[in-house]
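User: I would like to go through the interface, the pockets and the charged pairs of this model one by one, with the reasoning shown for each.

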Amino acid sequence: MGLCSKFFVFSVFLFLLLSVSIRWVSAVDEDVAALDIAEAEEVLGSAYGAVLEAEEAGANVSGLFVRLNVADQYLAEAYVWYRLGVYENATRFAGLCSEVVGDMRGEAFGLKSKAHGLWVLDVLVRMIWSVGGVIVVVFLGFVVWRVFRRRYHKRVLGLRPEVVSGES
Amino acid sequence: MNLEEYRTLFIVVTLVLALVAASPVLGVVVPQGGSERFSEFWLLGPTHMAEGYPFNVRAGEVYSVFVGVGNHLGGSEYYMIYVKFRNSTQNLPDIDSSEPSSLDPLFEFRFFVSDGEVWKAPVTFLFEDVIVEGDVLFVGDVTINGVSFPVDVSAVWDSEDGGYFFQLFFELWRYDVELDSLRFDDRFVGIWLNMTA
């Protein structure tokens, strides 16, 4: 085999090897895309649950909702590309979704704890005001009643006819 | 009024005032009744009004509508809208059994809406690869918000109403925290389209 033939065979071999390798590395198959989307969806659902709990505890979660909406749009894009069979894009958008969500769960729990602390303090203050208010009302009611009763007796007794002796 | 009646009156007034004084903490303990809870789901024409909806559509022309959701459920909600395309014989969602249409969705929107807030988005669509063969019209491609979807939907000439009729419809789905997934929310809106090639 001449040098040219060897070079030709080697080139063909190299070309085939490269083409197979590149396809193996760059192409994202359907299963990988489906897995990435499922993972992104799970992360998003979990983050939403945590944000919802924080909101129910009275935390201001508007910032987290803005991020959730961005992540959600990425997830919708991922699903659209997946249905169209463009798995690279589907994977890319699923990754972006997971990236945006990040540690939102942790942030939501932090906000929830903070809101819960504030709620406890609020209830405590309300309780002190209420108990104090009830004590004052009952005490004042009792005092007013005593004063009223004394005046009532004085007035009623003052109206009674005096008993006088019949001596003249 | 005798003294006994005055005493009763004093007790009643004191109790009422005590309740008023205790109201801050009662507001936390006693559950407050809310108004009716529901999700709004609507479709508006290109001028943001419930009029001027596209009906007579032609292949290659772009049409637009607006889809929106209002949340009145007392807390933030996670929604999804599936956009689907069908002819008059293909199935619609079944509200009675809470079943979505079995057709594959083309486009989808996903979004979160706070309580009392409204979400809306424009939807543009155009039809391509529309062919008439005999009394059947085939649609090969639907583009929604710039993304092209291959479809294989056909309609037979409706001699009664004079046209080839298709429907573009939107299904509302909502995240169920207990199920930990989105589920069909028993609501859909759509527009009928009389297609020409």
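User: How many residues does the contact take from chain B and from chain A?

Analyst: This is a predicted model, and the totals for its interfaces use all residues. On that basis, the contact takes 34 residues from chain B and, from chain A, 34 residues.

User: Which three residues supply 25% of the area that chain B buries against chain A?

Analyst: Between them, chain B and chain A bury about 2,900 Å², with 71% of that area on carbon and sulfur atoms. On the side of chain B, no other three residues supply more of the buried area than the trio that accounts for 25% of it, namely B:Leu3, B:Arg110 and B:Phe112.

User: Which side chain of chain B meets A:Arg83 in a salt bridge?

Analyst: Side chains of opposite charge can pair when their charged atoms come close. The count between chain B and chain A is two salt bridges, and the interface also has ten residue pairs in polar contact, both residues of a pair being at pLDDT 80 or more. In one of the salt bridges, with 2.3 Å from N to O, the partner of A:Arg83 is B:Glu108.

User: Which element gives the largest share of the side of chain B that touches chain A?

Analyst: Two or more residues of that side come from each of α1 (3-29), β4 (77-87), β5 (107-113) and β8 (147-156) of chain B. By class, the side of chain B that touches chain A has 25 nonpolar, five polar and four charged residues. The largest share, twelve residues, comes from α1(B).

User: What is the volume of the largest pocket, and which element supplies the largest share of its lining?

Analyst: The largest pocket has a volume of about 370 Å³, and of the 17 residues that line this pocket, A:Asn69, A:Gln73, B:Arg110, B:Phe111 and B:Trp119 are the closest to its centre. The lining draws at least two residues from each of α3 (62-84) of chain A and β5 and β6 (118-133) of chain B, and by class it has ten nonpolar, three polar and four charged residues. The volume is thus given as about 370 Å³, while the largest share of the lining, seven residues, comes from β5(B).

User: Which element gives the largest share of the lining of the second largest pocket?

Analyst: About 240 Å³ of space lies in the second largest pocket, whose lining has 14 residues, with A:Leu52, A:Glu56, B:Gly75, B:Ser76 and B:Glu77 nearest the centre. Two or more residues of this lining come from α2 (30-56) of chain A and likewise from β9 (164-176) of chain B. The lining divides into five nonpolar, three polar and six charged residues, and its largest share, four residues, comes from α2(A).

User: How many residues apart are B:Glu171 and B:Lys84?

Analyst: Over all chains the structure holds twelve salt bridges, and one of them joins the side chains of B:Glu171 and B:Lys84 at 3.1 Å, N to O. The pair links distant parts of the chain, with B:Glu171 in strand β9 and B:Lys84 in strand β4 of chain B, and the number of residues that they are apart is 87.

How values were computed: Residues numbered from 1 in each chain as written. Chains lettered and ligands numbered in written order. Predicted model: local features only at pLDDT ≥ 70, side-chain atom pairs only at ≥ 80, totals over all residues. Heavy atoms only, no water. Contact = heavy atoms within 4.5 Å. Buried area = accessible area lost by both parts, 1.4 Å probe. Salt bridge = Lys/Arg side-chain N within 4 Å of Asp/Glu carboxyl O. Polar contact = N/O pair within 3.5 Å; in protein donor to acceptor, adjacent residues only side chain to side chain. Nonpolar A, V, L, I, M, F, W, Y, C, P; charged D, E, K, R; others polar. 1 Å grid on protein atoms, 1.4 Å probe; cavity = no way out; pocket = protein on both sides within 12 Å on 5 of 7 lines; lining within 4 Å. Points joined across faces, edges and corners; volume = space filled by probe spheres on them.
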